[in-house]
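Dear colleague,

I am passing a structure on to you, together with some notes on what turned up when I went through it. Please keep it open beside this message as you read.

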Amino acid sequence: MTRPATQVHPLTHADGPAAPPLRLVFWETTTGCNLACVHCRRLEVSRQLSQGDLSTEQALAMIRSLPETGRPILVFSGGEPLMRPDIFELATEATRLNLPIALATNGTIMDEAVADQVKRAGFRRVSISFDGPDAATHDRFRGIDGAFEASVRGFGLLRQRGMSMQMNTTVARHNYRRLDDIYRLALDLGADALHIFMLVPVGCGMSLSQEIMLDPQEYESALNWIYDRSLEGKLHLKATCAPHYFRVMRQRAKADGRAMPPAAHPHRGMGEGSGFGVEGSVNDEAGKPKPEGGFRVQGSGFSAGSDEQAALESTPIENQKSKIKNPPPHGDMTAMTKGCLAGQAVCFISHSGEVFPCGYLPVSSGNIKTTPLPAIWRQSQIFQDLRNDSGLEGKCGCCEYKKVCMGCRARAYAETGDYMAEEPNCGFVPLRMRQMG
């Protein structure tokens, strides 16, 4: 069944099923940016679209409504969020409301004064993306010479101020065979976390050559690489937009006769004493839906917690305390959750106020200019569909790992037009299908 991507989907009745707490909000603060990445909009398009960014008053209203949904982490993303003039005013208000906040920036316009403001505004983690382990690879992807060195410098300035830092990398054919080099770069930078994003072919990403996409076997190999590196315990590794990883972890841990490695758990380092976990990441200027100008790709990362755990058929090994070497001094946001949390614990707000299940799934549930975010979160039919794993179709529907994986709903939608269809980039064959021959 194809579910059309209309601009606004109707809300259900207010007395419908209770909504889970919202754990992570990605907010595209602006479309404005200073880079020209190959996976993203042209700069002139971004500048034109930024005229439709939420006003300061509209943004403040959205931020002040968030406590009605729980205590979500609010990720200030973009575009390049530091190009928004009121960014620190908005961040300070979120901090005043005791909302954990994170910044997703490309890092290239960071200087001493801006780094001080980031710290002062209360950001608990900052992510910076690197599309390769060296300037040649990164700058070619980012479209501007010197971008790599500028990002390294920005990363260092924030690290010097004691910020919890995350490095993001989108994996495709251009860097798939350099994962070890990327890992070493994260260690050299002193990153608390390395989040590996698996490319989602939506929007502008669909214009990229299919030759850069990993096939299912390469995809599986990359996930196993993440698991192997996580055993080293040197930093926190996270596979993002890769719900299959939750299956891989269980399969590998069982085969090895070991508990799942603490460093393979989703991420730490933001919510001091917060008591909630995270499953996602922080990213810079990519991976956000753009109904007005197409969709971009790459991760919208940060990390979202979830209290869905009781329903995940979890085992005691998933509740172990971390034994990671040199844990970051920013508290613990670890939770073993599950793969795709779009619409279940996560949502995305576009620069113009449209609300989506995640930054890759272009089905809007409404606009915060006309409907408050808490109402959309509680009443969206799309979100209710995504919260019901019994509605999964194809091999995802009969998979023994569906409660911990769910498959990527955005990839399913990009391939079929149906966000409940089976994940197209998964090579695993469920037991039930194997038994049927």
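Let us begin inside strand S5, where Ser-164, Gln-166, Asn-168 and Thr-170 point one way while Met-165, Met-167, Thr-169 and Val-171 point the other way, and all of them are buried (buried means under 20% relative accessible area, exposed over 50%, and partly exposed in between, with a 1.4 Å probe and protein chains only). In a regular strand the side chains alternate between the two faces of the sheet. Since eight of the eight residues of S5 are buried, this strand is largely enclosed by the rest of the structure. Strands (E, at least two residues) and helices (H or I, at least four residues) are DSSP runs, numbered from the N terminus.

Before going further, please note that this is a predicted model, in which local features need pLDDT of at least 70 and side-chain atom pairs count only at pLDDT 80 or more, whereas totals for chains, interfaces and linings use all residues. Residues are numbered from 1 along each chain as its sequence is written, and side-chain values use heavy atoms, with hydrogens and water left out.

On one side S5 pairs with strand S4 (residues 125-129) in the parallel sense over five bridges, with Val-126 standing opposite Met-165; two strands count as paired if DSSP finds at least two bridges between them. S5 also pairs in the parallel sense with S6, over six bridges, and there Thr-170 stands opposite Phe-197.

These strands belong to an open sheet of nine, with mixed pairing, in the order S7-S6-S5-S4-S3-S2-S1-S8-S9. Strand S7 (236-240) and strand S9 (355-356) stand at the edges with a single partner strand each, so one side of each has no neighbour in the sheet. S9 is joined to strand S8 (residues 346-349) by two bridges, and the two run antiparallel, with Phe-348 opposite Phe-356.

Helices pack on this sheet as well, where contact means heavy atoms within 4.5 Å. Helix H2 (residues 56-65) touches strand S1 (24-28), strand S2 (73-77) and S8, and its direction makes about 175° with that of S1; axes are lines fitted to C-alpha atoms, for helices over the stretch in contact, and angles run from 0 to 180 degrees between N-to-C directions. Helix H7 (residues 179-189) lies across S5, S6 and S7, running at about 165° to S5.

Some details of the backbone also deserve a look. The peptide bond from Gly-78 to Gly-79 is cis, with omega near 20°, and Gly-79 lies in the loop between S2 and helix H3 (87-96). Asn-98, in the loop between H3 and strand S3 (101-104), has a positive phi near 65° although it is a residue other than glycine, and at 44% relative accessibility it counts as partly exposed. Cys-241, in the loop between S7 and helix H9 (245-256), likewise has a positive phi, of about 55°, without being a glycine, but at 18% relative accessibility Cys-241 counts as buried.

Finally, which residues lie nearest the centre of the second largest cavity? They are Cys-396, Cys-399, Cys-405, Gly-407 and Cys-426, from a lining of 15 residues.

With good wishes

Notes
On a 1 Å grid over the protein atoms alone, a cavity is a set of points where a 1.4 Å probe fits but cannot get out, and a pocket is an open set with protein on both sides within 12 Å along at least five of seven lines; lining residues have an atom within 4 Å of a point.
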